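Trainee: Could we go through this one together, step by step?
Mentor: Sure, here it comes.

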Amino acid sequence: TSTIWSIAFSKDGDTLYSCSADKTVMVWTLDDSDGLYHQSTTLSGYHGREIYSLDVNSDGYIATGCGDDAIRIFEKVSHFTSIPAHLLIQHVGRLF
């Protein structure tokens, strides 16, 4: 278990995404039989430090931002699999 920094829902509400201090993104899928979200996959090994934020667009791309000064974008391959599609590094300073 670890501190969860951010969550996001898919457009249809069937998938929940969370990121945390343990450097992982967890993907949770709604089970219609019990109405609960169950962990379906974990994305790990891509960030070197805590993941502080994430967002999901309508096409299923997951964008993560973390303390390693990188933004990673993952492409949804299937309901249970996502792969890294883009890496944006050397983001220094504030975004506002």
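Trainee: Is Arg 72 buried or exposed?
Mentor: Before that, note that this is a predicted model, where local features need pLDDT of at least 70, side-chain atom pairs count only at pLDDT 80 or more, and totals for chains, interfaces and linings use all residues. Residues are numbered from 1 along each chain as its sequence is written, and side-chain values use heavy atoms, with hydrogens and water left out. Buried means under 20% relative accessible area, exposed over 50%, and partly exposed in between (1.4 Å probe, protein chains only). Arg 72 has a relative accessible area of 15%, so the word is buried.

Trainee: Which residue forms a salt bridge with Arg 72?
Mentor: A salt bridge needs a side-chain nitrogen of Lys or Arg within 4 Å of a carboxyl oxygen of Asp or Glu. Here the closest N and O atoms are 3.2 Å apart. The partner is partly exposed, at 23% relative accessibility, and its name is Asp 68.

Trainee: How many disulfides are there?
Mentor: A disulfide is a pair of cysteine sulfur atoms within 2.5 Å. The sulfur of Cys 19 has its closest cysteine sulfur in Cys 66, 9.3 Å away, which is too far for a bond. So the count is zero.

Trainee: Which element gives the largest share of the largest nonpolar core?
Mentor: Such a core is a set of buried Ala, Val, Leu, Ile, Met, Phe, Trp, Tyr and Cys residues joined through side-chain atoms within 4.5 Å. This one has twelve residues, including Tyr 17, Cys 19 and Cys 66. Strands (E, at least two residues) are DSSP runs numbered from the N terminus. The largest share, three residues, comes from β5.

Technical notes
Helix = DSSP H or I, 4+ residues; strand = E, 2+ residues; numbered from the N terminus.
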